[in-house]
Amino acid sequence: MVKNSWKLLRKVDPVLIGDVFYSKLFVDFPHVQHLFKTPREEQSKKLIAILAVVVSKLDQLEELTNDIEKLASRHVAYGVKPEHYAHVGSALLWTLERGLGCDWNEELKQAWATCYGILSSTMINAAYQKDATRSVA
C-alpha cells in the first residue's frame with residue numbers, strides 16, 4: 001500500500017511536496033524551525049529522496065540500517081530531540097493525506113504511520129543508544 005501510494009506522489013514535484021510538509025511542520029511546531037538551516041528547496045529534495053529510498057526498501061529495511069544510523073547521528077548534531085520525530089510524523093501524514101486526496105483512507109494512514117514509526121524508532125534508538133553509550137564510557 002505504501003509503495004503504491006508513493007508511486008502516485010512521485011509524479012509531484014518534490015519541492016512542492018516539501019514546501020507543503022515544511023509549511024505544516026513549522027505552523028504546527030514553530031519551535032523546530034531553527035533546526036533547519038538548509039534552504040527549503042534543497043531540504044525538500046533531500047526529504048523526498050530519503051523517503052523514496054526507505055519506501056523502495058520497505059521489504060529489506062535491514063539493508064538500510066547503517067544509512068539510517070548515520071542519518072540519526074546527523075540529526076542529533078542538528079539538535080533534533082526524540083520528541084521532534086512525532087512532530088515530523090504528524091506533518092508527514094497530513095501532507096500525504098493532502099497529496100493523495102481521495103486515494104487516502106484509514107488503512108493507508110495506518111500503513112504510512114507504521115512505516116514512519118519503524119523509521120523514527122530506528123533513528124531514535126540508533127542516535128540515543130550511542131549517546132547513552134558515550135556518556136557511560
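**Empty space in a helical model**

The residues lining the second largest cavity are six nonpolar, with no polar and no charged ones. I start there, and I should say at once that this is a predicted model. The six are Leu51, Leu92, Trp112, Cys115, Tyr116 and Leu119. Helix α6 supplies the largest share of that lining, four residues. The space itself comes to about 30 Å³.

How many cavities are there of 30 Å³ or more? The count is two. The largest cavity has a volume of about 40 Å³. Around it are Trp6, Leu9, Ile17, Phe21, Leu47, Ile48, Leu51, Leu92, Thr95 and Leu96. Helices α1, which spans 2-9, α2, α3 and α5 each give two or more residues to this lining. By class, that makes nine nonpolar residues, one polar and no charged. Leu51 and Leu92 appear in this list, and Leu51 and Leu92 also line the second largest cavity.

For the general idea behind this: rolling a probe the size of a water molecule over the atoms shows where empty space is left.

Now the open space. The largest pocket has a volume of about 640 Å³. It is lined by 25 residues, and those closest to its centre are Tyr22, Phe36, Gln43, Leu71 and His75. Which helices supply at least two residues each to the lining? They are α2 (14-28), α3 (40-56), α4 (65-78), α5 (84-100) and α6 (106-136). Of the elements, α3 gives the most, with five residues. The class count for the pocket lining is 18 nonpolar, four polar and three charged. So much for the composition of the pocket; next, one residue from its centre.

Glutamine 43 sits in helix α3. Is glutamine 43 buried or exposed? Its relative accessibility is 17%, and the cut-off for buried is under 20%, so glutamine 43 counts as buried. Beyond its neighbours within four places in sequence, glutamine 43 touches Tyr22, Phe36 and Thr38. Tyr22 and Phe36 are also among the residues closest to the centre of the largest pocket.

That leads to the packing of α2 on α3. The two axes come within 8 Å and cross at roughly 105°. Angles of 65 to 115 degrees count as roughly perpendicular, and α2 and α3 are therefore roughly perpendicular to each other. On the α2 side, the residues that meet α3 are Pro14, Val15, Ile17, Gly18, Asp19, Phe21, Tyr22, Ser23 and Phe26. On the α3 side they are Arg40, Glu41, Gln43, Ser44, Lys45, Leu47 and Ile48. By class, this contact has eight nonpolar, four polar and four charged residues. Ile17, Phe21, Leu47 and Ile48 take part in this contact, and Ile17, Phe21, Leu47 and Ile48 are also in the lining of the largest cavity.

Last, tryptophan 94, which lies in helix α5. Tryptophan 94 has a relative accessibility of 27% and counts as partly exposed; the class runs between the 20% and 50% limits. What does tryptophan 94 contact, leaving aside neighbours within four places in sequence? The partners are Val20 and Lys24. As for valine 12, which is 82 residues away along the chain, its C-alpha atom is separated from that of tryptophan 94 by 16 Å.

To go back over the spaces: a pocket of about 640 Å³, a cavity of about 40 Å³ and a second of about 30 Å³.

Note on methods. Residues numbered from 1 in each chain as written. Predicted model: local features only at pLDDT ≥ 70, side-chain atom pairs only at ≥ 80, totals over all residues. Heavy atoms only, no water. 1 Å grid on protein atoms, 1.4 Å probe; cavity = no way out; pocket = protein on both sides within 12 Å on 5 of 7 lines; lining within 4 Å. Points joined across faces, edges and corners; volume = space filled by probe spheres on them. Nonpolar A, V, L, I, M, F, W, Y, C, P; charged D, E, K, R; others polar. Buried < 20%, exposed > 50% of the residue type's maximum accessible area, 1.4 Å probe, protein only. Contact = heavy atoms within 4.5 Å. Axes fitted to C-alpha atoms, helices over the stretch in contact; angles between N-to-C directions. Parallel < 35°, antiparallel > 145°, perpendicular 65-115°, else oblique.
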